[in-house]
Amino acid sequence: MTRPHRASMPFHAFSSFNKKGGKAVDIVIRRRNQALDMYQEMSTYENIAECLDISPTTVVQYVKRARDKGDVRARRPFKHRGRLLALQRRKAIKDMRALGFSAREIAKQLGVHVRLVQIRLKEGQ
């Protein structure tokens with residue numbers, strides 16, 4: 001018994017990149033945009049891959065291609081999320097001090113130790 005022949009379709013119909021039309025399939029475009037948005041928000045490759053149910057290697061390729069094309073979402077100001085959070089915390093401490101908060105109030109609102117706030121305030125002087 002022979003298998004029924006699959007309807008003849010051109011090879012590019014099965015590709016994630018439509019060779020004939022020169023653009024990616026809609027689901028691939030959506031995933032790539034979601035991955036780049038998450039990357040810009042400092043998510044890890046593994047976290048992005050898990051959320052989108054794709055391979056971490058695919059995420060790396062999305063970011064690499066976006067970086068090559070000059071997409072701003074593929075650039076990060078810091079390599080590590082901790083550095084970005086520290087910079088944001090420093091700015092928050094400075095802004096709250098300008099509003100007249102005490103070191104103790106700032107520490108309580110930000111959930112950090114009072115001594116850290118005092119050190120950061122001394123740095124700013």
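Which residues does Arg76 touch, not counting residues up to four places away in sequence? The answer is Tyr39, Met42 and Ser43. The points below set this contact in the context of the predicted model.

1. Overall architecture. The secondary structure of the protein chain consists of six helices and two strands. Along the sequence these elements follow the order β-β-α-α-α-α-α-α. Of the 125 residues in the chain, 23% are buried. Among contacts with a separation of 6 or more, 35% are between residues 24 or more positions apart.

2. Arg76. This residue is found in the loop between α3 and α4. Its relative accessibility is 24%, so Arg76 counts as partly exposed, given that the partly exposed class lies between 20% and 50%. The C-alpha atom of Arg76 is separated by 8.9 Å from that of Glu41, although the two residues are 35 positions apart along the chain.

3. Ser43. The loop between α1 (26-40) and α2 contains Ser43. Because its relative accessibility is 14%, Ser43 counts as buried; the cut-off for that class is under 20%. When residues up to four places away in sequence are not counted, Ser43 touches Met38, Ile48 and Arg76. The contact with Arg76 thus appears in the list for Ser43 and in the list for Arg76.

4. Helices α2 and α3. The axes of α2 (residues 45-52) and α3 (residues 56-69) come within 8 Å and cross at roughly 110°. The two helices are therefore roughly perpendicular to each other, since angles of 65 to 115 degrees fall in that class. Their crossing is right-handed. By class, the contact of α2 with α3 comprises seven nonpolar, no polar and one charged residues. On the α2 side the participants are Tyr45, Ile48 and Ala49, and on the α3 side they are Pro56, Val59, Val60, Val63 and Arg67. Ile48 is also one of the residues touched by Ser43.

5. Helices α1 and α3. Here the axes come within 10 Å and cross at roughly 85°. It follows that α1 and α3 are roughly perpendicular to each other. Val28, Arg31, Arg32, Ala35, Leu36 and Tyr39 in α1 meet Tyr62, Val63, Ala66 and Arg67 in α3. The residues of this contact divide into seven nonpolar, no polar and three charged. Val63 and Arg67 take part in the contact with α1 and also in the contact with α2. Tyr39, listed here for α1, is among the residues that Arg76 touches.

6. Helix α4. This helix covers residues 81-98, and its 18 residues should span 26 Å at 1.5 Å a residue; the end C-alpha atoms are 26 Å apart, which agrees with that expectation. The buried residues of α4 are Leu84, Ile93 and Met96. An α-helix has 3.6 residues a turn, so residues three or four places apart point the same way. What covers the buried residues of α4 includes α5 (103-110) and α6 (114-123). Just after α4, Gly100 takes a positive phi of about 100°.

Methods
Residues are numbered from 1 along each chain as its sequence is written. This is a predicted model: local features need pLDDT of at least 70, side-chain atom pairs count only at pLDDT 80 or more; totals for chains, interfaces and linings use all residues. Side-chain values use heavy atoms; hydrogens and water are left out. Helices (H or I, at least four residues) and strands (E, at least two) are DSSP runs, numbered from the N terminus. The expected span of a helix is 1.5 Å times one less than its number of residues. Buried means under 20% relative accessible area, exposed over 50%, partly exposed in between (1.4 Å probe, protein chains only). Contact means heavy atoms within 4.5 Å. Axes are lines fitted to C-alpha atoms, for helices over the stretch in contact, and angles run from 0 to 180 degrees between N-to-C directions. Angles under 35 degrees count as roughly parallel, over 145 as roughly antiparallel, 65 to 115 as roughly perpendicular and the rest as oblique. A crossing is left-handed if the near helix is turned anticlockwise from the far one by less than a right angle, and right-handed if clockwise. Ala, Val, Leu, Ile, Met, Phe, Trp, Tyr, Cys and Pro count as nonpolar, Asp, Glu, Lys and Arg as charged, and the others, Gly among them, as polar.
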